[in-house]
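Dear colleague,

I am handing over a structure that I would like you to look through at your own pace. Please open it first, and then read the notes underneath.

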Amino acid sequence: MDRLTDTALAHLAADVERPGYGRSAVKTGVVHLGVGAFHRAHQAVWFDDALRSGDLRWGVLGASLRSADVHGQLAPQDGLYTLLVRDGDQTQARIIGAVQGVLVAPRDPGALVQALADEDVHLVTLTITEKGYKLDPVTGRLLTDDLDLAADLESLAAPRTAPGFLTAALAIRRTRGLPPFTAISCDNIPENGKRLRAAVLALAEAHDPDLAAWIAANGAFPQTMVDRIVPATTPDDIAALSARLGVEDRAMVKTEPFRQWVIEDRFAGPRPDFAALGVQLTAEVAPWEEAKLRLLNGAHSAMAYLGGLAGIDFIHQVVARPDAVSFVEALWDEAQTTLTPPPGLDVAAYRRELMARFANPALQHRTRQIAMDGSQKLPQRLLATAAARLDAGQGIDAIALGVAAWIRWQGGVDDAGAAFQVDDPLAATTAALAVGDATTQVDAFMSLRAVFPERLAGSPEFRAAVTAWLDKLLSDGALATLAQF
Ligand code: CS2
């Protein structure tokens with residue numbers, strides 16, 4: 001079957017939405033690092049909206065920092081892909097035209113540096129996952145023992161890390177008399193903008209303190225909160241869509257109707273009229289980000305481990321169980337007291353909306369997908385909440401069950417005794433800790449400073465609560481434990 005391309009657009013069925021602007025006139029105003037499914041279903045859609053509104057400055061050049069997979073999906077399709085929005089039995093198809101090309105950074109690091117240094121590029125967005133920032137998740141300090149980062153600290157001639165690429169390009173922009181771009185981290189980490197800025201400044205400082213001072217004075221690294229549930233695309237999804245389109249689309253993404261993007265109103269230069277596009281610009285992103293991380297993502301991770309251990313494949317199947325719903329509500333009751341909701345956020349309504357989003361059966365969002373990289377996610381999703389609750393003298397029963405489920409997951413064997421691969425940068429370390437009875441395991445995990453801060457590791461209450469739940473999970477399994485909760 002032919003692939004989706006510019007020429008195929010004219011032949012698509014009438015109910016498929018098309019870009020509607022002349023793609024050849026679009027300038028590249030955005031470089032995106034980490035052009036995975038989340039970017040294609042989130043930021044790229046807003047840039048496509050900007051292009052559709054007639055502002056043709058915001059085409060996106062994508063870059064993959066590791067593999068050539070996305071290049072293989074998008075390059076033969078002129079950068080085009082379908083955004084499938086699924087809600088119950090409704091499916092809407094829209095072709096996104098914003099992505100103009102994909103660079104594979106390891107193949108030609110210089111090409112990405114030059115692209116980032118282009119004078120038309122005003123925004124750099126990033127979805128490189130938690131681990132891509134090369135920062136310790138607990139302390140936020142640069143991971144100087146990371147091999148790629150060490151290479152970038154040594155030389156930026158052929159960068160390997162995202163902070164390395166940004167720093168190398170900013171050095172060229174400065175030499176050329178161009179302003180810096182605005183760098184927008186779109187990953188689910190607290191203070192994402194501050195962290196990205198810290199990583200870039202530390203690298204710049206190591207190479208050229210004047211460059212670091214210039215970036216500090218002129219650069220912009222706004223904080224952001226991003227939200228849209230984007231399950232991984234499956235071969236069946238591609239086959240079904242291709243049958244509908246009459247051409248094959250290997251770069252399609254599927255998602256829910258909901259989307260939200262909150263950006264700190266701090267830019268180094270031009271940007272689309274974000275407010276007109278429905279992006280929220282605000283002075284303070286932290287309260288939005290905290291609510292999202294602790295409510296949505298906290299519940300996601302807890303359900304991923306409990307559901308995954310019980311052999312439940314999808315999130316909508318987890319929340320089809322009344323005991324799981326009670327557990328999530330209890331987790332939210334605990335998290336809610338630690339939040340300072342921003343003006344405009346009604347937490348009760350937000351919780352109802354989240355539960356309905358989780359229950360969307362058309363999404364097919366895998367527990368296994370969310371379970372990935374737990375060591376990078378737990379601190380901001382569950383542990384920060386636990387620490388805040390303990391500081392306030394409040395209980396942590398539901399959070400402790402979520403944490404115990406993560407520990408139990410690191411053992412790599414589910415409740416039916418089936419072995420699985422733990423997908424996590426710390427998997428080898430945590431596998432060695434996940435042996436013995438509950439007390440032994442909790443003792444071992446609490447010394448893992450990359451995940452558990454002293455505040456929690458040193459709390460007898462926290463240890464006791466996690467140990468009690470882990471003991472139950474080990475002896476009775478996740479479903480019986482949930483039923484008892
Ligand atoms: C999920 C998130 O995979 C995960 O860890 O919790 O990707 C989640 O779907 C998004 O943050 C929703 O905005």
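The notes below go through the ligand site, the nonpolar cores, one helix and a few single residues.

Please keep in mind that this is a predicted model, in which local features need pLDDT of at least 70 and side-chain atom pairs count only at pLDDT 80 or more, while totals for chains, interfaces and linings use all residues. Residues are numbered from 1 along each chain as its sequence is written, and side-chain values use heavy atoms, with hydrogens and water left out.

I begin with the ligand, whose surrounding residues (those with a heavy atom within 4 Å of it) include Asn-188, Asp-227, Arg-228, Lys-292, His-300, His-365, Lys-377 and Arg-381. Sorted by class, this shell has 3 nonpolar, 4 polar and 5 charged residues, where Ala, Val, Leu, Ile, Met, Phe, Trp, Tyr, Cys and Pro count as nonpolar, Asp, Glu, Lys and Arg as charged, and the others, Gly among them, as polar. Helix H11 (286-309) and helix H16 (374-391) each supply at least two residues of the shell, and the largest share, 4 residues, comes from H11; helices here are DSSP runs of H or I with at least four residues, strands are runs of E with at least two, and both are numbered from the N terminus. A polar side-chain atom of His-300 lies 2.8 Å from an oxygen atom of the ligand, a polar side-chain atom of Lys-377 also lies 2.8 Å from a ligand oxygen atom, and for an N or O atom in the side chain of Arg-381 the distance to a ligand oxygen atom is 2.9 Å. The protein covers 89% of the 340 Å² of accessible area that the ligand has on its own, with areas taken from the Shrake-Rupley method with a 1.4 Å probe.

Next come the cores, a nonpolar core being a set of buried Ala, Val, Leu, Ile, Met, Phe, Trp, Tyr and Cys residues joined through side-chain atoms within 4.5 Å. Buried means under 20% relative accessible area, exposed means over 50%, and partly exposed lies in between (1.4 Å probe, protein chains only). The largest nonpolar core has 76 residues, and those with the most contacts inside it are Phe-327, Phe-358, Val-403, Trp-406, Phe-452 and Phe-462. H11 gives the most to this core, with 11 residues. A second, separate core of 38 residues includes Leu-116, Leu-156, Leu-166 and Leu-170.

In helix H19 (residues 438-446), the buried residues are Ala-438, Gln-441, Val-442, Ala-444, Phe-445 and Met-446. They pack against helices H17 (397-409), H18 (427-433), H20 (454-457) and H21 (460-476), and Trp-406, leaving aside its neighbours within four places in sequence, has Phe-445 and Phe-452 among its contacts (heavy atoms within 4.5 Å).

Finally, is Lys-254, which lies in strand S9 (residues 253-255), buried or exposed? Lys-254 counts as buried because its relative accessibility is 2%, and its side chain makes a polar contact with the side chain of Asp-237 at 3.1 Å (a pair of N or O atoms within 3.5 Å, one able to donate a hydrogen and the other to accept it; residues adjacent in sequence count only if both atoms are side-chain atoms). Asp-373, in the loop between helix H15 (367-371) and H16, has a positive phi of about 60 degrees although it is not a glycine, and it is buried, with a relative accessible area of 2%.

With best wishes
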